[in-house]
Amino acid sequence: MPDLGAVTNGRLLFGGDYNPEQWPEETWHEDVRLMKDAGVNTVTLGVFSWAKLEPRPGERDFGWLDRLMDLMHENGIGVVLATPTSSPPPWMGHLHPDTLPVDQDGRTEWWGGRQHFSHSSAVYRRYAAAITEDLAARYGGHPALTLWHINNEYCTYDWGPEAAARFRDWLRDRYGTLDGLNEAWGTAFWSQGYGDWAEVHTPRHAHYLKNPAQVLDFKRFTSDMLLECYLAERDIVRRHTPHLPVTTNFMPLWVGQDAWRWVEEEDVVSVDLYPDPRDPLGAQSGALVQDMTRSQARGPWMLMEQAAGPVNWRGVNHPKPRGLNRLWSLQAVARGADAVCYFQWRQSRQGAEKFHSGMVSHAGERGRTYQEVKRLGAELARISGEVTGRHTVGDIAVLHDWHSWWAGSHEGRLSTQVDYAQVLTAWHRALWEAQLATDFAHPEHDLTAYKLVVVPQLYSLGDAAIENLLAYVRGGGTLVSGFLTGVADEDDRVRAGGMDSRLRELFGIRTLHEWWPLDAGESVECDGFRGTLWSEEIEKDEEATTEAAFKGGELDGLPAVLRKGRTRYLATLPDSGDLRALLAGIAAEAGVRPVLNGLPAGVEAVRRGELLFVLNHSRESVRVEVPGTHHDLLTGATVTDELTLDRYGVVVLRP
Ligand code: GLA
């Protein structure tokens, strides 16, 4: 299968979404001049062009896109061509209201925004396939075309009648019979037994708590339906252009798509990433998504969208201070990105996102945003040859699974303070601050290459995943698990004893008596640290040792950190610095070293192949020790043993 290497050809891609249909044609020529000056070598066309391409049902207007494709080619700019299927034209909803999604309260989501399509609508799918077919037939042979971009940020839910019919089919495939469904959903509870498939619905608005297994299956179904839409379009473009790779852009750590499943169907993995410039942990949240995307890609990946300045969808939207766009772009490159792209090339003057930045802001060519973009383009071109195709490798695997996230988020859980994404982020942050290079992995992946595996929280685990963890530890691996792990099976049925018996045996938990969740802002004292969010009344077995105990209160003396063999179980979430110290200690024991020792706060070191990226996320200038003699690819300077990094400064060192 073709991969990202077929698109990059040894260059880092630099560019972004280009929406020229919003501009008169004179502006296109101005755009091309500015793009070339900035080193832009790729643009994504057509993401929201459906109404322009198909102004009336079945009609086609390709003339403008023909001219653009030619213009890009003449100027040496590659085109990532999107299927426009995320925003259907108004005529579709008007003529076929059944193509519009319905929310759980039965309200229709009308056109006038975007992503107003029902993933289950046969009519929508037919129109989407037809426009995809015609685009692929027309542009498949165009020399500007480098990559297919299917739809955009798949993210619609649908509780409507056509979705309900599809849901029934999906459930029939999964369970075979109504007996199977009733058993898996535990419908004996609250008189929910289904006697006819026609009674089964999407989990619509209900009087009180919904059946969690039904909600879980609805989330699985939604991810699968969106995937079906993607696959239908992917297969069409592949038929026309088997030599060209295909992608669809993920939202960062988005709850709705089982990305581990999706990436099996992509040639290139791409993601959109928008950390808040004001967030003191913006660099870490970026690093998390970059680590995850790289792990999904198992190699170089594409930063499909980021913002050159502010976004316009937060309550308060801050610009990027001078240097931050460069810093975060190079951070992505350090973590394996072979493409640094933006939403969007030119900031719109109309429409819902007119206050969202572009590479060319309203201030135009002279504006700071474009000037910084231009400098970055030149720098990326300088390091391109040394960087592309090289691998960034994590030493530690952080386990993550969407199904477990979905199952663990049910309404009737013991604490709504426990948020899966926040717990995952807290663990990644601890490793990130300890300069430990991390990958993400699915609990059923082969983990044998990792000396250390951590499980922030996997509430539900199937037998295959549990056996995988046991085999990993038997094979000599070190495993650290957070609380609320292994509680339920794949149907969200609580395991006997409140936690899977094999895992209890592995971690040294004889009896799990009670969970003691903590209130917001509450913490619990433990030996050497403070715990947050959660505590547990655990009775350990003889082989386990209490490395840290709860102090005071009901749980006084009971294990907060339990050790057995090469495993640890954490019955609480230590404060951030404490979790960092704990994991750094365990990593050292397991033979995992930080990328670089002794870095000042806010400075991050990342290895990509033999290159060492050192990134200063702080606003202070810092001295950094980098033992040995290196060549800085960005400046051409020789660096020996130490260097100074200005605020937001970066070096890319080759030995
Ligand atoms: C997403 C979308 C873009 C744009 C940006 C704004 O990433 O894909 O079309 O709306 O958000 O941040």
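Which residue stands opposite Val614 in β26? That would be Val651, and the legends below start from this spot in what is a predicted model.

**View 1. Strand β26 and its two neighbours.**
Strand β23 covers residues 611–616 and pairs with β26 in the antiparallel sense, over four bridges. Val614 and Val651 face each other across this pairing. On the β24 side, two bridges do the joining, and these strands run antiparallel as well. Look for His631 here, which stands opposite Arg654 in β26. Strand β26 itself spans residues 650–654, and four of its five residues are buried, so the strand is largely enclosed by the rest of the structure.

**View 2. The five-strand sheet, pulled back a little.**
Read across, the strand order is β22-β23-β26-β24-β25, in an open sheet with antiparallel pairing. The edges are β22 (603–608) and β25 (638–645), each of which pairs on one side only. Ignoring direction, neighbouring strands in this sheet are turned by 25° against each other on average. At the β25 edge, eight bridges tie that strand to β24 (residues 622–632), again in the antiparallel sense. One of the residues to pick out is Arg623, whose bridge partner in β25 is Thr644.

**View 3. Gly628 in strand β24.**
Here we zoom in on Gly628, a residue of strand β24. Is Gly628 buried, partly exposed or exposed? With a relative accessible area of 30%, Gly628 is partly exposed, because buried would mean under 20% and exposed over 50%. Setting aside neighbours within four places in sequence, Gly628 is in contact with Val639, Thr640 and Asp641. For a sense of scale, take Pro97: it is 531 residues away from Gly628 along the chain, and their C-alpha atoms are separated by 66 Å.

**View 4. The seven-strand sheet and helix α15.**
This open sheet has mixed pairing and the strand order β11-β10-β12-β13-β20-β19-β18. At its edges sit β11 (438–441) and β18 (545–549), each pairing on one side only. From one strand to the next, the twist averages 20°. Helix α15 (residues 420–433) packs on the sheet and touches β10 (396–399), β11, β12 (452–455), β13 and β20 (567–570). The direction of α15 makes about 170° with that of β10. Over at the β18 edge, four bridges join β18 to β19 (residues 559–564), and the two run antiparallel. Thr546 stands opposite Leu562 in β19.

**View 5. Asp489 in its loop.**
Asp489 is found in the loop between β13 (478–482) and α17 (501–507). Loop or not, Asp489 counts as buried, because its relative accessibility is 14% and the cut-off for buried is under 20%. Its side chain makes a polar contact of 2.8 Å with the side chain of Arg493. Not counting residues up to four places away in sequence, Asp489 touches Ser460, Leu461 and Arg495. Ser361 is a different story: it is 128 residues from Asp489 in sequence, and the C-alpha to C-alpha distance is 51 Å.

**View 6. Two domains side by side.**
The chain is divided into domain 1, covering 396–589, and domain 2, covering 603–654. Between the C-alpha centres of domain 1 and domain 2 there are 35 Å.

**View 7. Around the ligand.**
What surrounds the ligand? The list runs Phe48, Arg114, Asn152, Glu153, Asp272, Tyr274, Glu305, Trp313, Phe343, Glu353 and His356. Polar distances to ligand oxygen atoms are worth a look if you plan to inspect this site. An N or O atom in the side chain of Arg114 is 2.9 Å from an oxygen atom of the ligand. For Asn152, a polar side-chain atom lies 2.8 Å from a ligand oxygen. His356 also has a polar side-chain atom at 2.7 Å from an oxygen atom of the ligand.

**View 8. Ser121, just ahead of α6.**
Ser121 is found in the loop between α5 (90–95) and α6 (122–139). At 0% relative accessibility, Ser121 counts as buried. Its side chain reaches the backbone nitrogen of Tyr124 at 2.9 Å. Beyond its neighbours within four places in sequence, Ser121 is in contact with Asp98, Thr99 and Glu162.

Notes:
Residues are numbered from 1 along each chain as its sequence is written. This is a predicted model: local features need pLDDT of at least 70, side-chain atom pairs count only at pLDDT 80 or more; totals for chains, interfaces and linings use all residues. Side-chain values use heavy atoms; hydrogens and water are left out. Buried means under 20% relative accessible area, exposed over 50%, partly exposed in between (1.4 Å probe, protein chains only). Contact means heavy atoms within 4.5 Å. A polar contact is a pair of N or O atoms within 3.5 Å; within protein, one must be able to donate a hydrogen and the other to accept it, and residues adjacent in sequence count only if both atoms are side-chain atoms. Domain bounds come from an automatic or database domain assignment. Two strands pair if DSSP finds at least two bridges between them. Axes are lines fitted to C-alpha atoms, for helices over the stretch in contact, and angles run from 0 to 180 degrees between N-to-C directions. A residue is near a molecule or strand if one of its heavy atoms lies within 4 Å of it.
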